[in-house]
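Colleague: I should like a close look at a single part of this model. Please describe one residue and its surroundings, and then place that description within the fold as a whole.

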Amino acid sequence: MKAGLELGNQAEVTFRVTEEMCPAFDDVVVHCVCSTWTIVQYMEVAGRKVLAPHLEPNEEGVGSHVSCDHLGPAPVGSDVKVIATASRVADRELVCDTAAFCGEKMIAMGKTVQRIFPKDVLKRILKEMN
């Protein structure tokens, strides 16, 4: 990895909640708010943004863990900001604490973990799965 990936490094992602982001089961929308799985997706995107500038050309990050406590709603039409903060930087692993906000209110918190592999190793692992 390139130098500079340190504890406290942050990245953020902002998105507007759309109807397609509402929780739906068997094509029935349950609530007109942002789904947990949408928030988790953006937590992973924010964590990736922390990592990406530090990857060497021959490296790739792979998500290996995500957790999310969904604390409150974000209605359709609202803007959500997700912040990822590097909380553990180890050899070939990045852990980010994540938080999502609707306005000033925290609506979710969690953690993402990415492991870093040489691209040729990752390619071999994925090929062995076929």
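Modeller: Beyond its neighbours within four places in sequence, Leu 7 is in contact with Ala 86, Ser 87, Arg 88 and Val 89. These contacts are read from a predicted model. Leu 7 itself belongs to the segment before β1, the strand that covers residues 10-16. Its relative accessible area is 58%, and Leu 7 is therefore classed as exposed, the limit being over 50%. Together with Met 1 and Val 89, Leu 7 makes a nonpolar surface patch of about 250 Å². Val 89 thus appears twice in this account, as a contact of Leu 7 and as a member of the patch. A further relation is that of Leu 7 to Cys 96: the two are 89 residues apart along the chain, yet their C-alpha atoms are separated by 9.1 Å.

Cys 96 leads on to the interior. Leaving out residues up to four places away in sequence, Val 50 touches Cys 96 and Leu 94, as well as Leu 5, Asn 9, Gln 10, Ala 11, Ala 84 and Ala 86. Ala 86 is accordingly a contact of Val 50 and also of Leu 7. Val 50 is one of the residues with the most contacts inside the largest nonpolar core, along with Phe 15, Val 80 and Val 82; this core has 26 residues. At least two of its residues are supplied by each of β1, α1 (36-51), β5 (79-90), β6 (93-102) and β7 (105-118). The largest share, six residues, comes from α1. As a general background, nonpolar side chains in soluble globular proteins tend to be buried together.

The aromatic residues may be considered next. Two aromatic pairs are found in a search of the whole structure. Phe 15 and Tyr 42 form a stacked pair, with 4.0 Å from centre to centre and 10° between the planes. Phe 15 lies in strand β1 and Tyr 42 in helix α1, so this pair ties together parts that are 27 residues apart in sequence. Both Phe 15 and Tyr 42 are buried. The rings of Phe 25 and Trp 37 have their centres 5.7 Å apart and their planes at 85°, and the pair is therefore edge-to-face. Here the link runs from Phe 25 in strand β2 (residues 24-25) to Trp 37 in helix α1, twelve residues apart. Trp 37 has a relative accessibility of 46% and so counts as partly exposed.

Arg 88, a contact of Leu 7, is also touched by Glu 93. Glu 93 is found in strand β6, and because its relative accessibility is 13%, Glu 93 counts as buried. Apart from residues up to four places away in sequence, the other residues that Glu 93 touches are Val 113, Gln 114, Arg 115 and Ile 116.

As for the whole, the protein has two helices and seven strands, and from the N terminus on its elements run β-β-β-α-β-β-β-β-α. Its C-alpha atoms fill a box of roughly 45 × 40 × 20 Å along the principal axes. Of its 130 residues, 36% count as buried. Among contacts with a separation of 6 or more, 65% are between residues 24 or more positions apart. The accessible surface comes to about 7,700 Å², and 53% of this belongs to carbon and sulfur atoms.

Key
Residues are numbered from 1 along each chain as its sequence is written. This is a predicted model: local features need pLDDT of at least 70, side-chain atom pairs count only at pLDDT 80 or more; totals for chains, interfaces and linings use all residues. Side-chain values use heavy atoms; hydrogens and water are left out. Patches are made of residues with over 30% relative accessible area and no salt bridge: like charges are joined within 9 Å, nonpolar side chains (Val, Leu, Ile, Met, Phe, Trp, Tyr) within 5 Å. Accessible areas come from the Shrake-Rupley method with a 1.4 Å probe; for residues, only the protein chains shown count as cover. A salt bridge is a side-chain nitrogen of Lys or Arg within 4 Å of a carboxyl oxygen of Asp or Glu. Helices (H or I, at least four residues) and strands (E, at least two) are DSSP runs, numbered from the N terminus. Buried means under 20% relative accessible area, exposed over 50%, partly exposed in between (1.4 Å probe, protein chains only). Contact means heavy atoms within 4.5 Å. A nonpolar core is a set of buried Ala, Val, Leu, Ile, Met, Phe, Trp, Tyr and Cys residues joined through side-chain atoms within 4.5 Å. Rings of Phe, Tyr and Trp (its six-membered ring) pair if their centres lie within 6.5 Å; planes under 30 degrees apart count as stacked, over 60 as edge-to-face and the rest as tilted.
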